[in-house]
Every structure is written in structure tokens, then in C-alpha cells.
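Student: Could you pick one spot in this model and look at it closely with me? After that, please work outwards from there and explain the words as you go.

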Amino acid sequence: DGEVHINELKNGNTEMFWNPTSEVRRQRLKRHIVLFEEQTDFESERLWQHVTSAINKGDQHKATQEKFVLEEEQRNAARERRESGMEWKPLLFQHDAGTNEWHYKYEDLRPWDPLNDIAQFEKDGILQTMERHLSTRMSNHKATCINNQITRHKRSAKGCRHRKTSDQPSSHSQNTESSCSTPESVQELSDDDGKYLGFESLCAQCGKEMNHLKEIHSAVLSLQKAQQDIHR
């Protein structure tokens, strides 16, 4: 949050490494933490409170002492577990025997989706993402619409084939033979495929959802632009 300098011990020169501007400070993420009185004994803020206090006071000797006391307690606890045969089962981390590293069980490495993800928060040590689920509903609904139209198209094609195999086809059925021909495989269709088969658009609800998404996106862009103007 402040200036960081590089000090060259050989020649005594000092170089600016990092100097956050007011704009950088404004753009940083808002920090959400659990209230101190609601934290468990092993929460970092509570566990290291005496070390942190000494560092903030500039007392490195006291900070080192507090750190040593804390680590000794952890070593003694581990020794007692080994002697009693008690297995240590971490709640939030798991060990990778291949790399001999510990990994957070609930890590979420997917990219942030601004249209679906609202906020990320931590509860009981588990990182969670609040989502709109709108894109999932849209995808499922779109797939349902396409499948329904494919089913209707297959029924129509089946009716045409039935008429073509009639013993005494009329002139009307003969004229419709070419119009009833259809590709053999219609299991997977893109939007362009739908237009090719005569599906000009999906149902009204799909169109309404898409328009709603566009309106939200446009509103977000407008708010971002206004925010940038205010910052200037």
C-alpha cells in the first residue's frame, strides 16, 4: 500500500521499486474478514496476533520470541499426536504425494465470469462464489428448444417418407418429395444449422433472455465509463 525501495548495500544507492498511485489504491479489492471475536483459535489473525503486534511496534526481538513460542507449541502438539498414534486430518488442505506439496481443497481456478459471477466469499474456511446461474439456464433452455424443433422436423420428415412409400402417390406428394428431404444426422446443430433447416430463431423466451443479457452488459459498461469519468 506504500512505497517500496531497493537498497544497494554495496554502493548505498536507493531505487524506487513500487509507488502505488491514488488510482491504484482506489482499484484494489475490498477486503472482507471475519470479526476477530468470531475467529477460531487457528485463524491466522488470532493465531499470529502477538507476532503481528510486535512487528507493528517495530520490535523485531519481541516478534521473534512470540514466533518461537508459537512454533514450539505446534511442534509439541505434533509430537503428542505421534506418540498417541493420533492421525492428523487437515480440514482445508490435502497432500499431493507426487509433488510432496499441500493444496487447498476448495481452490477455484476458473476465470472470473462477469456475466454470471456476482461475488466471491469465504465461509468456514471454504471459498465460494455467488453466481447468477443465468448462463446455465440459457444453455439448458437453448438446448431444449433446439431438441424440440429437431423432433418436430424429424416427425415432418417421417411423414414425408411415409407419403413417398404410398402405393398410389398423388401429384401433391410427388411434388413434396424434394422439400421433405433432410440430412441423415441432425443430432448436433449450431445456430447456423438451425437457420439452414428453417429454424429462423429460438423460442421467444430465449430471445427475451438474450436481450436482457445485452441490456445488463450495456448498463455495466455505462456504469464503468461513468466511474472512470468520476475518477478523472
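Tutor: Let's start with Phe17, which sits in strand 2. Helices (H or I, at least four residues) and strands (E, at least two) are DSSP runs, numbered from the N terminus. Keep in mind that this is a predicted model: local features need pLDDT of at least 70, side-chain atom pairs count only at pLDDT 80 or more, and totals for chains, interfaces and linings use all residues. Residues are numbered from 1 along each chain as its sequence is written, and side-chain values use heavy atoms, with hydrogens and water left out.

Is Phe17 buried or exposed? Phe17 counts as exposed because its relative accessible area is 58%. The labels work like this: buried is under 20% relative accessible area, exposed is over 50%, and partly exposed is in between (1.4 Å probe, protein chains only).

Phe17 has company, too: together with Val4, Ile6, Trp18 and Val24 it makes up a nonpolar patch on the surface, with about 440 Å² of accessible area in total. Strand 1 (4–7) and strand 2 (14–18) are the elements that each give two or more residues to this patch. Patches are built from residues with over 30% relative accessible area and no salt bridge, joining like charges within 9 Å and nonpolar side chains (Val, Leu, Ile, Met, Phe, Trp, Tyr) within 5 Å. The areas come from the Shrake-Rupley method with a 1.4 Å probe, and for residues only the protein chains shown count as cover.

Now for those salt bridges: one is a side-chain nitrogen of Lys or Arg within 4 Å of a carboxyl oxygen of Asp or Glu. The rule finds nine of them here. Take Lys62 and Glu66, whose N and O come to 3.1 Å. Both are in helix 4 (residues 60–84), four residues apart, about one turn of the helix. Lys62 is partly exposed at 36%, while Glu66 is buried at 19%. Salt bridges also link Lys67, Glu71, Glu72 and Arg75 into a network.

Arg110 is worth a look as well. Its salt bridge with Asp117 has the closest N and O atoms 2.9 Å apart, and Asp117 is buried, at 3%. Arg110 also meets Glu131 in a salt bridge (2.9 Å, N to O). That second pair ties together distant parts of the chain: Glu131 is in strand 6 (residues 126–131), and Arg110 is in the loop between strand 4 (101–104) and strand 5 (117–123), 21 residues away.

Strand 5 and strand 6 are partners: they run antiparallel and share six bridges, and strands count as paired if DSSP finds at least two bridges between them. Lys123 stands across from Ile126 of strand 6. Two residues lie between the strands of this hairpin, where Asp124 has a positive phi near 55 degrees.

Last stop, the rings. There are two aromatic pairs. One of them is Tyr104 with Tyr106, edge-to-face, at 5.9 Å centre to centre and 70 degrees between the planes. The rule pairs rings of Phe, Tyr and Trp (its six-membered ring) with centres within 6.5 Å; planes under 30 degrees apart are stacked, over 60 edge-to-face, and the rest tilted. Tyr104 is buried at 16%, whereas Tyr106 is partly exposed at 35%. Along with Phe93, these two tyrosines, Tyr104 and Tyr106, form one aromatic cluster.
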